[in-house]
Amino acid sequence: MHKTILVTGATGTIGKEVAIQLSMMDEDIRVRAGVHSIIKGENLKRLPNVEVVEMDFKDQDSLHAAFTHVDKVFMVTPFAKDQVEMAKTLVDEAKRKGVKHLVKLSVIYADAEPGFMIGHWHREIEKYIEDSGITYTFLRPSSFMQNYIHYDAESIKNEGRLYHSTGSGKIASIDVRDIAAVSVEVLLGSGHEGKAYELTGPEAISNPEAAQIIGEVSGRQVQYVDVPADAARSAMLKKQMPDWMIDAMLELESAYREDRFSETTDTVQQLTGRPPHSFQQFVKDHQKCFE
Ligand SMILES: NC(=O)c1ccc[n+]([C@@H]2O[C@H](COP(=O)([O-])OP(=O)(O)OC[C@H]3O[C@@H](n4cnc5c(N)ncnc54)[C@H](OP(=O)(O)O)[C@@H]3O)[C@@H](O)[C@H]2O)c1
């Protein structure tokens, strides 16, 4: 009898990669890709062993259908104001349906004190899962390398500039492909129950260094521009970003500036048996995004 693994947020940065990597595994599993919109999830239907189901974290009926006959869950919730409520709703449904293992995508240092806002939100969800009695594993990755594609590629392509407020602070960011590889191991392997894994890339890179690497790989000059926090806030307000999100982002940038996210771990190597992608390799593999 095959096992069914539900992947939530399956059109998102990490959920999609997890669905893709699970679909390629030579195991008796069925991947249920939970998508917010069936239209966006169309491409996932072409993957082997993948079925696509529409689910809205705020719509109980859709959750009921998505969780039916599910053995394990890879749970991602979006960076949204009500992310904690959404996650709790998912945990409640997982409990009702007797899910055997819940793998939650969290964030690095979620349990650190005094910590940071995003970490606190994730820790609140983690605690809720711990109290639910469901068998769990927490994956706590550092900043995604893919953020450079989603948030910075436009200014890099159009102006040859990378804007941040991180000074020469170093960040041990991680390639989402490595988070997904760990997720697959945790979902299909054993011995990961009740564990929390802090995941980073192999090295810490500052944003001036990131600009230089992107420039070298894409064969053009990319200049790092250090933006004062108040100017960064104005720029984010102009983009209609809500205050809670701006506060959380600026808090992170300031922590990066202070080198508080520069430590690396060897967890990816330990769990997957291979080293995580370097930043240079990430840029090479996504060169087109920056040209
Ligand atoms: N980015 C980082 O550097 C980083 C680092 C560590 C941890 N994290 C954590 O990673 C998580 C975000 O992961 P991600 O980058 O993969 O997010 P993402 O790309 O924004 O994907 C979020 C997914 O959730 C779906 N979604 C949004 N609202 C939904 C709803 N109401 N019902 C059902 N699905 C919904 C989205 O679908 P639609 O697009 O169709 O709405 C999308 O597929 C957050 O918890 C964040 O704190 C991020």
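Helix H1 (residues 13-23) and helix H6 (residues 176-188) have axes that come within 9 Å and cross at roughly 55°. The two helices are therefore oblique to each other, a class outside under 35 degrees (roughly parallel), over 145 (roughly antiparallel) and 65 to 115 (roughly perpendicular). The crossing is right-handed. H1 contributes residues including Ile14, Val18 and Leu22 to the contact, and H6 residues including Ile179, Val184 and Leu187; contact means heavy atoms within 4.5 Å. The contact residues divide into 10 nonpolar, 3 polar and 2 charged.

This is a predicted model: local features need pLDDT of at least 70, side-chain atom pairs count only at pLDDT 80 or more, and totals for chains, interfaces and linings use all residues. Residues are numbered from 1 along each chain as its sequence is written, and side-chain values use heavy atoms, without hydrogens and water.

Two separate nonpolar cores follow. Such a core joins buried (under 20% relative accessible area) Ala, Val, Leu, Ile, Met, Phe, Trp, Tyr and Cys residues through side-chain atoms within 4.5 Å.

| Core | Size | Residues, among them |
|---|---|---|
| Largest | 32 residues | Ile14, Leu22, Phe74, Leu139 |
| Second | 24 residues | Val53, Val73, Met75, Met86 |

H6 gives the most to the largest core, with 7 residues. Beyond four places in sequence, Phe74 is in contact with residues including Ile14 and Val18, and also Ser183 and Leu187.

Trp121 lies in helix H4 (residues 117-132). Trp121 is partly exposed, with a relative accessible area of 22%; the class runs between buried and exposed, the latter over 50% (1.4 Å probe, protein chains only). Beyond four places in sequence, Trp121 touches Phe79, Gln83, Val84, Trp244 and Ala248.

Conventions. Axes fitted to C-alpha atoms, helices over the stretch in contact; angles between N-to-C directions. Helix = DSSP H or I, 4+ residues; strand = E, 2+ residues; numbered from the N terminus. Left-handed = near helix turned anticlockwise from the far one by under 90°. Nonpolar A, V, L, I, M, F, W, Y, C, P; charged D, E, K, R; others polar.
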